[in-house]
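This report describes selected side chains and their surroundings. Please keep the sequence and the structure in view while reading.

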Amino acid sequence: TAQQEKMEAWAQLDLAELTKCAGEVVNALSHLDTQIRSRATRLVQKLEESTKAKIAEDIAKLLESPYKAVRSTALDTMARSFEKSILRQYQSNLFARLEDSAGEVRQKACSAIVKLDPIDDLIPQLTALLSHTKSHVRMQGLILLSRCQSDKLKDQAVHIAKLLDGDDDLRECALHAMASLEPADLSDHKDALLNNLLHDRDSVRTAAVKIIARIKPVEPLVPAIVGLLDHTSAQVREAALKALDLLMNQNTLWSNGALVLAVVKALADDSQEVRDFAERALGRVDAKLQASVARAVVDLGLVDHKLSNVRVVALGVLGMLSSDSLSEHKASIIERLEDEDKRVVSTALRALTSLEAKTLESDFTTLLSHADYHVRAEMVAKLPTTDIQATATRILDDSSVTVQHATLKALADFSPSQLSTHASRLVRVLGSSSTEVSKKAQELLRMLLPEMLVDHVGALAAQARHGKWCARAGALSVLEMVDQDHLKAQAAVIINALADSDEDVRAAALQTLSKLSIEALSEQVDVLVARLDHETSSVREAALRALSKVPTARIAEHSARLVRRLEDEDEAVRSAAAKLLKQLLGTPEVARALTARLFQMLSHTKLSVRQAALEALSSADPRILEEHTTSLQSMLAHRDSQILELGLGVLALFSPRVVAEFNAAVVASLKHIEDPVRVAALDMVHKLPRGMFEEAADRVLELVYDEAQPVADAALKAYKRFSPQKRSASVDVVVAKMISANKASGQAQWDMQNRAAKALDTIPALTVVREFPKLIEVLNSPSIRDRTVGQWTKRLCLYR
């Protein structure tokens with residue numbers, strides 16, 4: 001603990017004071033505590049070079065310590081702290097430690113010697129280590145030699161190569177050292193390197209593979225490596241293929257027939273790893289030699305091999321070849337389409353699809369009848385346009401939706417006249433069990449001209465009634481395209497579809513319904529009205545939207561049922577009903593009775609219903625509205641704030657004369673406690689006669705500074721409607737607000753100044769300029785940050 005405290009104290013010293021303690025720091029390098037030795041090393045690193053030179057001898061003496069940890073620390077300190085000039089003086093000491101009994105010390109000595117870089121001048125000493133009686137010394141010599149420049153190592157290659165027959169670790173180190181040689185210097189040792197491909201250790205074989213791949217020239221190596229492909233060990237065969245893979249990546253060796261045959265044979269190896277490497281190597285075959293590879297694959301019977309994995313790999317190699325090289329083996333590939341293993345069939349199919357369509361011309365008929373639907377689908381994709389036109393009728397009846405979809409994709413390139421010959425089949429395919437197929441058929445049918453669909457309207461209507469949901473939606477979508485006469489005949493089918501259980505079908509029906517003529521819709525009013533009570537809200541909404549296209553005289557008798565829809569639980573239905581009732585209010589025969597019913601709805605318990613009724617009343621005749629002033633008076637006097645708010649909204653519908661009668665109620669509402677009521681009153685106040693309106697100016701101006709932002713915004717909007725004279729008359733109040741706001745702080749100050757500035761912006765500029773002396777204090781305030789206030793500052797200065 002005392003030593004730890006001393007170390008901490010030394011760490012705080014400046015360089016001059018630390019130098020005085022250098023001797024004690026060196027002594028700490030021999031302490032038995034690991035942490036203390038480590039801290040001492042860091043302290044030595046901080047010393048000046050001149051001081052390090054003085055203590056180097058003392059540190060070197062520690063290399064003879066009986067404790068390996070101390071020897072290791074001394075070497076680590078020398079490597080980290082000393083420059084090369086100092087280390088060179090203790091070169092012999094470092095080499096002596098390469099023979100240390102402790103592996104950790106030998107590694108540290110090796111690291112220290114590397115610091116002498118370049119170490120090419122030490123090659124004789126390092127080579128001498130290769131003959132040492134202890135293997136770990138020979139290993140350190142190899143490690144250091146691998147750091148030397150290749151041109152300096154040429155003469156030592158023989159000594160290094162001798163260790164390629166040593167123990168496992170030595171072999172590996174020798175291989176790493178050999179890797180530093182030039183490619184030309186490696187060829188003399190190719191036999192020793194090849195022998196290491198037979199080694200049990202994977203890392204040795206891997207290192208040997210990498211070096212063999214660098215040997216120049218490579219041709220003499222090929223027979224020996226090819227011979228290893230017949231070795232009993234799968235690991236050796238794999239290493240041989242790895243070497244060949246690297247060699248073939250860098251050199252043109254494929255002209256060697258024995259090599260090609262050997263690699264192809266490896267596709268049938270018992271080892272999956274060997275098969276994978278063989279397949280990868282063959283994937284780089286030059287285009288000129290692909291034919292010979294394909295022949296070798298077929299001649300060796302790999303396509304028909306007893307192992308399915310081999311058949312898969314063999315077909316995979318064939319599939320990588322060009323169409324020309326592959327074409328002569330078409331029959332062998334087609335045979336594999338009957339294989340019991342699905343992977344083989346799939347790989348054969350991929351190879352087959354890489355052939356040109358003309359190559360398969362004589363086989364299309366057979367392949368289109370294949371038992372496997374994948375084969376049929378792929379062949380459809382390969383068919384020329386003329387063949388598709390001739391066979392589409394048959395293949396559209398295929399039991400596989402995959403084949404049907406492939407056929408439909410191929411038909412997408414046809415012209416409408418070409419497609420029309422298959423229209424009946426396309427209508428039938430609308431009912432496919434596959435949604436994707438059904439939608440594709442719908443897409444193709446919509447490409448036809450209206451007159452081409454005439455003969456298929458009945459079939460489309462049948463699909464719209466009884467098909468799957470996607471068939472019903474698709475048929476309705478296609479019916480949209482036919483002419484009015486044929487569409488009118490199917491009006492009942494379309495309207496019935498509005499009540500379909502599927503949302504997509506209902507949407508398609510509504511879209512198609514919009515294409516019906518007004519005459520056709522008028523004939524279906526009773527059916528549409530019956531849909532107003534359907535359990536599904538979207539059906540009720542669709543019926544209302546359809547009725548909105550019918551002349552109002554035709555639906556006037558159903559006004560009571562339409563009014564009931566204002567009570568619907570669904571907002572979209574209520575909105576659609578309100579829009580339709582607004583249209584009906586323009587029909588004299590029902591306007592008076594309908595207005596009365598809507599006023600009754602204003603007393604409904606639900607706010608949503610009252611709001612829907614108000615929306616509908618917005619189109620009522622003002623003269624008829626005046627018959628209901630008693631109801632209006634009741635609403636404006638109601639204690640319920642929501643009804644009062646609604647009453648103000650209703651008042652906005654009346655004529656100015658009636659509005660003037662309720663002046664007192666409107667002005668009183670400006671002081672209501674509820675924000676929505678004040679907003680409604682502000683929206684209403686400007687509709688008062690000018691004199692009454694301007695009498696409320698003071699109250700409106702007060703509300704500009706209301707705490708509720710919606711109220712303040714509505715008040716400012718109303719304030720802008722006052723005459724310029726009235727706004728000019730209120731300039732004192734607005735300026736006073738700005739001045740008082742300057743005394744506030746935080747958000748309150750911000751809001752008040754912002755609103756006052758907006759109010760000032762509505763007052764004639766010359767009027768505001770007269771108040772400039774009063775605004776000087778405000779305009780000079782650092783609190784004015786708001787954009788609007790800043791703009792006014794500029795405007796005032798400009799006018800001044």
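## Helices and Arg39

Helices here are DSSP runs of H or I with at least four residues, numbered from the N terminus. The model under discussion is predicted. Helix H4 covers residues 34–46, and Arg39 lies in this helix.

Arg39 has a relative accessibility of 18% and therefore counts as buried, since the term applies under 20%. When neighbours within four places in sequence are left aside, Arg39 is in contact with Gln4, Met7, Glu8 and Ala11.

## Aromatic pairs

A pair of aromatic rings is described by two quantities, the distance of the centres and the angle of the planes. How many aromatic pairs does a search of the whole structure find? The search yields two. In one of them, Phe693 and Phe722 are stacked, with 4.3 Å from centre to centre and 20 degrees between the planes. This pair links distant parts of the chain, 29 residues apart. Phe693 belongs to helix H54 (residues 690–695), whereas Phe722 is in the loop between helix H56 (709–719) and helix H57 (724–729).

Tyr719 and Phe722 also form a pair: their ring centres are 6.0 Å apart and their planes stand at 80 degrees, so this pair is edge-to-face. The angle qualifies because edge-to-face applies to planes over 60 degrees apart.

## The cluster and its burial

Through these ring pairs, Phe693, Tyr719 and Phe722 are linked into a cluster. Are Phe693 and Phe722 buried or exposed? Both are buried. For Phe722 the relative accessible area is 2%, while Tyr719, at 1% relative accessibility, also counts as buried.

Note on methods: Residues numbered from 1 in each chain as written. Predicted model: local features only at pLDDT ≥ 70, side-chain atom pairs only at ≥ 80, totals over all residues. Heavy atoms only, no water. Phe/Tyr/Trp six-rings, centres within 6.5 Å; stacked < 30°, edge-to-face > 60°. Helix = DSSP H or I, 4+ residues; strand = E, 2+ residues; numbered from the N terminus. Buried < 20%, exposed > 50% of the residue type's maximum accessible area, 1.4 Å probe, protein only. Contact = heavy atoms within 4.5 Å.
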